[in-house]
Amino acid sequence: MPKIIDHDQRRREIVAVARKLIVQGGFEAATMRSIVAEAGFANGALKRYFPSKDSIVAATFQSVLAEMNERMTEAGEPAPDPEEALRHDIEATLPLDRYRIDGARVLLALWEHSVANEELAELYRDHLRRWRRLLAARIAAARGRGEPPDDPAVTALAGEVIGMTIGANVTALMFPDGALVPEHRSHVDRLMRNIIGD
């Protein structure tokens, strides 16, 4: 009886290998050859799942963004406590452990690559739009002032959270041992005070 191959699982394994190689050596380290060698596949097997390096890169980018989205929505709907749900969603996007610091390394490599790849750039722009909408809804609920999520004051606060988060992910790369984690947690405390107000 022929062996049954779980093709979705195989794709996930390839993406995990690409991610690992990017973390270790940057975007250039994740070549088709190095991915094949690390994954233990025959040369032709990889192309059945991903026809090019760009397709692997896109899948890797999507996996990192999907993990971020999944962490943000773990609080559930409706959120049991609007302030706690907002804090959870902010912390979910910050490099507060080694795994997420590694994820930031992957994002940085992929951001750079997306400058010359419109498909990847649009993928990230779409992520930013969805992230801003989610944050705006969380912020409006946490403030409890009856503001709609598209109120300029609310969307400005969402933009502030996103800017701080992206900056934290970049600076964390210089401190992969997690030395900045306490500072990032302090940022969250200040943001929460600024958002909720007196």
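Aspartate 97 and arginine 100 join their side chains in a salt bridge, with 3.1 Å between N and O. The model you are looking at is a predicted one, so treat every distance here as computed from that prediction. Aspartate 97 is partly exposed, at a relative accessible area of 32%, while arginine 100 is buried, at 16%. Elsewhere, salt bridges with shared partners tie Arg87, Glu91, Arg185 and Asp189 into one network. Side chains of opposite charge can pair when their charged atoms come close.

Aspartate 97 has another contact worth finding on your screen. At the start of helix 6, a side-chain oxygen of aspartate 97 comes within 3.3 Å of the backbone nitrogen of tyrosine 99. From here we can follow helix 6 itself. Its 17 residues should span 24 Å at 1.5 Å a residue, and the end C-alpha atoms are indeed 24 Å apart, so the two values agree. Of those 17 residues, 12 are buried, which means that helix 6 is largely enclosed by the rest of the structure. The buried set includes Arg100, Gly103, Val106, Leu107, Leu110, Trp111 and Ser114. Covering the buried residues of helix 6 are, among others, helix 1, helix 4, helix 5, helix 7 and helix 8.

One of the residues that reaches helix 6 is arginine 19, which belongs to helix 1 (residues 7–25). Is arginine 19 buried or exposed? With a relative accessible area of 9%, arginine 19 is buried. Leaving out neighbours within four places in sequence, arginine 19 is in contact with Thr60, Val64, Glu67, Tyr99, Gly103 and Val106.

Helix 1 also offers salt bridges to look at. Arginine 11 pairs with aspartate 8 through their side chains, at 3.3 Å from N to O. These two residues are 3 apart in helix 1, so about one helical turn separates them. Arginine 11 is partly exposed at 32% relative accessibility, and aspartate 8 is partly exposed too, at 46%. A similar arrangement links glutamate 13 and arginine 10, whose side chains form a salt bridge of 3.7 Å, N to O. Both lie in helix 1, 3 residues apart, or about one turn of the helix. Glutamate 13 counts as partly exposed, at 34% relative accessibility. Across the model, the count comes to 15 salt bridges.

Now for the nonpolar interior. The largest nonpolar core has 56 residues, and those touching the most other members are Ile14, Ile35, Phe61, Leu86, Ile90, Leu135 and Ile195. Helix 4 gives the most to this core, with 9 residues. Phenylalanine 61 is a good place to zoom in: setting aside residues up to four places away in sequence, it touches Leu107, Leu110, Trp111, Ser114, Leu120, Leu123 and Tyr124.

Two other members of that list, Leu86 and Ile90, bring us to helix 5. The buried residues of helix 5 (residues 82–92) are Ala85, Leu86, Asp89, Ile90 and Ala92. Seen down the helix axis, these buried residues fall within an arc of 165°, so they line one face of helix 5. The cover over them includes helix 4 (53–72), helix 6 (98–114), helix 7 (118–143), helix 8 (152–172) and helix 9 (181–196). At the start of helix 5, a side-chain oxygen of aspartate 81 reaches to within 3.1 Å of the backbone nitrogen of glutamate 83.

Helix 9 is a natural next stop. Its 16 residues should span 22 Å at 1.5 Å a residue, and its end C-alpha atoms lie 23 Å apart, which agrees. Which residues of helix 9 are buried? They are Val181, His184, Val188, Leu191, Met192, Ile195 and Ile196. These residues cover an arc of only 110° around the axis, which puts them on the same side of helix 9. They pack against helix 5, helix 7 and helix 8. The face of helix 9 turned away from that buried side carries the exposed residues Pro182 and Arg193. After helix 9 comes glycine 197, with a positive phi near 75°.

Finally, look at helix 3 (residues 43–49), where arginine 48 is found. Arginine 48 counts as exposed, at 62% relative accessibility. Its C-alpha atom is separated by 9.6 Å from that of histidine 7, and the two residues are 41 residues apart along the chain.

Terms used: Residues are numbered from 1 along each chain as its sequence is written. This is a predicted model: local features need pLDDT of at least 70, side-chain atom pairs count only at pLDDT 80 or more; totals for chains, interfaces and linings use all residues. Side-chain values use heavy atoms; hydrogens and water are left out. Buried means under 20% relative accessible area, exposed over 50%, partly exposed in between (1.4 Å probe, protein chains only). Helices (H or I, at least four residues) and strands (E, at least two) are DSSP runs, numbered from the N terminus. The arc is that of the directions from the helix axis to the C-beta atoms. Contact means heavy atoms within 4.5 Å. A polar contact is a pair of N or O atoms within 3.5 Å; within protein, one must be able to donate a hydrogen and the other to accept it, and residues adjacent in sequence count only if both atoms are side-chain atoms. A salt bridge is a side-chain nitrogen of Lys or Arg within 4 Å of a carboxyl oxygen of Asp or Glu. A nonpolar core is a set of buried Ala, Val, Leu, Ile, Met, Phe, Trp, Tyr and Cys residues joined through side-chain atoms within 4.5 Å. The expected span of a helix is 1.5 Å times one less than its number of residues.
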